[in-house]
Amino acid sequence: MKLFKFMCYILLVSLTAAVSNKSFPAKFKFGTATASYQIEGAWNEDGKGENIWDRLTHTNATAVKNSDNGDVACDSYHKYKEDVRLLKHLGVKVYRFSISWSRILPTGFTNKVNQPGIQYYKNLIKELLDNGIEPMATLYHWDLPQPLQDIGGWPNELLADHFANYARVCFKAFGDSVKTWLTFNEAKQTCQQGYGSATMAPLIKSPGVADYLCTYTVLKAHAKAWHIYDDEFRGKQRGRVSTVVDSDWYEPASNSTSDMEAAETRRQFTFGLYANAIFLGNWPQVVIDRVDYRSENEGYAKSRLPKFTKQEIDYIRGTHDFMGFNTYTTSLVCKIEEPTFNETDYEFDMGSNAFQDPTWEATNSTWLKIVPWGARKFLNWIKNTYNNPEIIITENGVSDAGLLKDDARIHYYTEYLSAILEAIHTDKVHVSGYMAWSLLDNYEWLAGYTEKFGLYHVDFSSPNRTRTAKKSVDFYKKIVATHCLVDKCVTSGWSLFRVFSYFFSR
Ligand SMILES: *[C@@H]1O[C@H](CO)[C@@H](O)[C@H](O)[C@H]1NC(C)=O
Ligand SMILES: *[C@@H]1O[C@H](CO)[C@@H](O)[C@H](O)[C@H]1NC(C)=O
Ligand SMILES: *[C@@H]1O[C@H](CO)[C@@H](O)[C@H](O)[C@H]1NC(C)=O
Ligand SMILES: *[C@@H]1O[C@H](CO)[C@@H](O)[C@H](O)[C@H]1NC(C)=O
Ligand SMILES: *[C@@H]1O[C@H](CO)[C@@H](O)[C@H](O)[C@H]1NC(C)=O
Ligand SMILES: *[C@@H]1O[C@H](CO)[C@@H](O)[C@H](O)[C@H]1NC(C)=O
């Protein structure tokens with residue numbers, strides 16, 4: 001009983017741990033984020049080609065909760081002006097959206113360019129700019145044109161060139177207006193889930209083989225796109241290009257040296273696998289060592305990890321103008337005994353188990369626990385590991401089960417933004433922006449429409465896809481306006497001005 005009380009006390013203290021009363025910097029940019037397949041719908045309109053999510057949902061509906069698909073989704077293809085009105089209401093500076101490759105290039109190749117597809121994004125971008133909102137465009141948010149999957153998808157290294165050609169079309173068409181570009185969103189999910197564990201399209205199960213081939217291609221594709229921008233567009237368009245890397249924060253389950261090493265190894269296999277080549281050069285050494293070691297013992301003729309040439313290492317290193325970072329939650333890591341060599345698995349390569357502490361605050365999502373200190377530790381780790389890059393948090397948020405009174409979301413944002421404020425002010429991490437995921441409830445991949453991440457509720461049973469503000473809309477609007485999480489922030493003259501103008505404009 002005593003122990004129970006003690007634990008509750010600890011829990012309460014950590015839940016009510018003071019919300020930071022510091023302010024977000026004057027130049028800090030708040031926004032929201034979405035992705036093409038999750039919101040646009042119009043899957044076969046105006047010349048759009050088929051992509052791997054169209055194919056998966058149309059041929060293997062049982063793979064998705066309730067057999068849901070993105071054929072209509074939020075119908076943002078037709079309702080983009082309404083979306084921009086919602087953004088305007090929130091007062092955000094930035095809107096992060098993604099471009100559907102097969103809407104621009106229906107075959108995936110540049111042999112056919114679809115003008116209505118280009119026009120759609122031009123219209124969206126114009127609507128944003130007319131309302132004082134900066135467009136931030138992601139080139140690839142998981143919707144690969146099906147013809148490119150038909151030649152093997154991302155494990156085929158030829159895709160690096162096809163992506164680079166697509167990127168050039170986009171820079172040319174939109175680069176006069178779009179100044180912030182993201183090549184890949186969470187390539188880890190594309191590679192480890194799409195071609196490893198078979199939990200994302202195209203549902204290829206080849207963990208420890210095709211996933212690394214995919215990563216190898218994606219890093220080269222990113223670098224090519226960055227160099228194309230640098231060589232052909234930057235002088236005139238003056239924008240910036242980077243990629244979005246994501247992971248849980250991995251905290252050692254104990255203070256033993258082996259768990260601390262296992263946690264760092266897991267960070268390198270998840271985040272480092274995608275960031276190291278771009279920010280430092282080459283694969284993380286521990287990834288090379290582990291995959292080489294296991295491949296040899298598993299009887300492969302050569303390592304399952306493709307190696308970069310010296311020239312490729314130099315070509316990829318430095319291809320960033322900032323870092324895009326998505327994070328949602330935290331896991332604990334403990335070292336395990338070396339798994340037997342009769343099976344190949346990306347998990348075995350990592351040599352550890354990851355799990356969540358059952359006492360961490362739960363949400364309506366099975367995988368998403370509220371662990372704000374993990375986000376702060378992660379930001380510090382990025383600062384120390386990658387030479388203190390400018391970081392834009394390109395996604396962060398939580399799902400609900402369909403309530404308009406989404407106090408759990410307000411709580412999540414308060415806790416995470418508070419941790420981010422402390423990272424900025426106390427730890428001097430260079431975070432320059434925050435994109436809440438997501439503007440709208442939308443198609444959440446294999447979870448269909450059951451996991452709802454939106455600030456705005458969408459009625460998927462109505463042909464109008466009616467948008468309704470949840471309680472968190474007013475909450476986020478106030479933070480965007482005041483740059484402050486509490487009633488009274490430690491004020492500078494500037495933040496006082498913001499608070500006044502917010503209340504004045506109401
Ligand atoms: C359909 O999805 C299921 C479950 O994810 C998977 O096991 C199966 O291989 C898929 N079938 C095809 C034809 O892709
Ligand atoms: C590890 O050590 C730190 C510092 O002594 C302590 O705060 C923390 O609770 C320990 N963690 C675990 C899991 O034992
Ligand atoms: C690998 O070996 C372990 C133990 O030796 C055994 O339990 C497992 O079934 C084997 N797996 C395969 C795929 O043969
Ligand atoms: C999950 O959703 C239900 C409503 O559907 C709500 O009552 C409950 O509080 C939610 N749980 C959490 C942990 O947010
Ligand atoms: C859809 O919107 C139209 C026009 O605003 C309205 O007349 C109609 O009643 C709405 N239908 C539903 C089902 O909400
Ligand atoms: C801000 O918080 C700190 C510590 O939590 C407190 O000492 C200080 O008085 C607060 N300042 C304002 C203006 O509320």
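How far does a polar side-chain atom of glutamate 343 lie from a nitrogen atom of ligand 3? This is the opening point of the exercises below, which concern a predicted model.

**Exercise 1. Describe the surroundings of ligand 3.**

Solution.
Step 1. Begin with the opening question: the distance between the polar side-chain atom of glutamate 343 and the nitrogen atom of ligand 3 is 3.2 Å. A polar contact requires N or O atoms within 3.5 Å, so this pair qualifies.
Step 2. Turn to asparagine 342, where an N or O atom of the side chain is 2.3 Å from an oxygen atom of ligand 3.
Step 3. List the residues around ligand 3: Thr340, Asn342 and Glu343.
Step 4. Consider the cover. On its own, ligand 3 has 360 Å² of accessible area, and the protein covers 30% of it.

**Exercise 2. Find which residues are around ligand 2, and what share of its area the protein buries.**

Solution.
Step 1. Ala253, Ser254 and Asn255 are the residues around ligand 2.
Step 2. Ligand 2 exposes 360 Å² when taken alone, and 24% of that is buried by the protein.

**Exercise 3. Work out how helix α15 is oriented against helix α16.**

Solution.
Step 1. Locate the helices: α15 covers residues 372-385, and α16 covers residues 407-425.
Step 2. Read the geometry. The two helices pack at an angle of about 30°, and their axes are 8 Å apart.
Step 3. Classify the angle. Angles under 35 degrees count as roughly parallel, and therefore α15 is roughly parallel to α16.
Step 4. Add the handedness: α15 passes α16 in a right-handed crossing.
Step 5. Name the residues in contact. From α15 they are Pro372, Ala375, Arg376 and Leu379. From α16 they are Glu415, Tyr416, Ala419, Ile420, Glu422 and Ala423.

**Exercise 4. Place the cis peptide bonds at proline 202 and serine 438 within the chain.**

Solution.
Step 1. Alanine 201 and proline 202 are joined by a cis peptide bond with omega about 5°. Proline 202 sits in the loop between α9 (187-193) and α10 (210-237).
Step 2. From tryptophan 437 to serine 438 the peptide bond is cis, and omega is near 15°. Serine 438 belongs to the loop between β11 (431-437) and β12 (456-458).

**Exercise 5. State the sign of phi at asparagine 282, and say where this residue is found.**

Solution.
Step 1. Phi of asparagine 282 is near 70°, which is positive, and the residue is not a glycine.
Step 2. Asparagine 282 is in the loop between α11 (257-279) and α12 (285-298).

Key:
Residues numbered from 1 in each chain as written. Chains lettered and ligands numbered in written order. Predicted model: local features only at pLDDT ≥ 70, side-chain atom pairs only at ≥ 80, totals over all residues. Heavy atoms only, no water. Near = heavy atom within 4 Å. Areas by Shrake-Rupley, 256 points an atom, 1.4 Å probe, with all protein chains shown as cover. Polar contact = N/O pair within 3.5 Å; in protein donor to acceptor, adjacent residues only side chain to side chain. Axes fitted to C-alpha atoms, helices over the stretch in contact; angles between N-to-C directions. Helix = DSSP H or I, 4+ residues; strand = E, 2+ residues; numbered from the N terminus. Parallel < 35°, antiparallel > 145°, perpendicular 65-115°, else oblique. Left-handed = near helix turned anticlockwise from the far one by under 90°. Contact = heavy atoms within 4.5 Å.
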